[in-house]
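This report goes through one protein chain, from a helix kink to local contacts and then to overall totals. The sequence and structure are shown first.

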Amino acid sequence: MAVDDPWYEATASGWSGETAAGAPGGGRPGAVPRQRVHSAAEIYLEVQRSPAFQEVRRRYRRFVFPATLAFLLWYLAYVVAATAAPGLMARPVAGAVNVAMVAGLGQFLTTFLLTWAYARHARLRRDRAALELRWDTQEMTRGMVQP
């Protein structure tokens, strides 16, 4: 199967493009059933209701919501400590480095760690399923009847 997408890299996605002949959704479990639909809106609504889309969305939310909450709490704790406990934040740790500087650098460190964790989670838990869903959607829109 020839791929027309210049952004697609088969080796990175792990998707070979081989499908079971005549199987709905290319033979993948939870795939969007391929039916002839009349408009793009109907196609995207069908995709949105599909189990495959719901799974990708669930995996996204299971990571993003707790990570966002944890990071915001950590940030607010830093701001509250800087405001409410200036004596604690001014306490020296090593030489001219105090608790506030360590916590501020910790904010940068956790930002980078969270970015790495998000990219890793996306690569391992969502990218392949989202790519398969994208290809299913493109296949459905190719057969779309133009108004």
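Where is the kink in helix α5 centred? The kink is centred on arginine 126 and comes to about 55°, in a helix that covers residues 99-142. The bend at a residue is the angle between axes fitted to the seven residues ending there and the seven starting there.

The model is predicted: local features need pLDDT of at least 70, side-chain atom pairs count only at pLDDT 80 or more, and totals for chains, interfaces and linings use all residues. Residues are numbered from 1 along each chain as its sequence is written, and side-chain values use heavy atoms, with hydrogens and water left out.

The protein chain has five helices and two strands, in the order α-α-α-α-β-β-α along the sequence. Both kinds of element are DSSP runs numbered from the N terminus (helices: H or I, at least four residues; strands: E, at least two).

Two polar contacts involve a side chain and a backbone nitrogen. A polar contact is a pair of N or O atoms within 3.5 Å; within protein, one must be able to donate a hydrogen and the other to accept it, and residues adjacent in sequence count only if both atoms are side-chain atoms.

| Side chain | Backbone nitrogen | Distance |
|---|---|---|
| Serine 50, polar atom | Phenylalanine 53 | 3.2 Å |
| Asparagine 98, oxygen | Alanine 100 | 3.3 Å |

Asparagine 98 caps the N-terminal end of α5. Serine 50 sits in the loop between α2 (40-49) and α3 (51-84). Serine 50 counts as buried because its relative accessibility is 4%, where buried means under 20% relative accessible area, exposed over 50% and partly exposed in between (1.4 Å probe, protein chains only).

Valine 97 belongs to strand β2 (residues 97-98). With a relative accessible area of 33%, valine 97 is partly exposed. Leaving aside residues up to four places away in sequence, valine 97 touches Pro92 and Val102; contact means heavy atoms within 4.5 Å. Val97 and Val102 also join Val93 and Met101 in a nonpolar surface patch of about 310 Å². Such patches consist of residues with over 30% relative accessible area and no salt bridge, with nonpolar side chains (Val, Leu, Ile, Met, Phe, Trp, Tyr) joined within 5 Å and like charges within 9 Å. A salt bridge is a side-chain nitrogen of Lys or Arg within 4 Å of a carboxyl oxygen of Asp or Glu.

Of the 147 residues of the protein chain, 27% count as buried. Its accessible surface is about 10300 Å², with 64% belonging to carbon and sulfur atoms; accessible areas come from the Shrake-Rupley method with a 1.4 Å probe.
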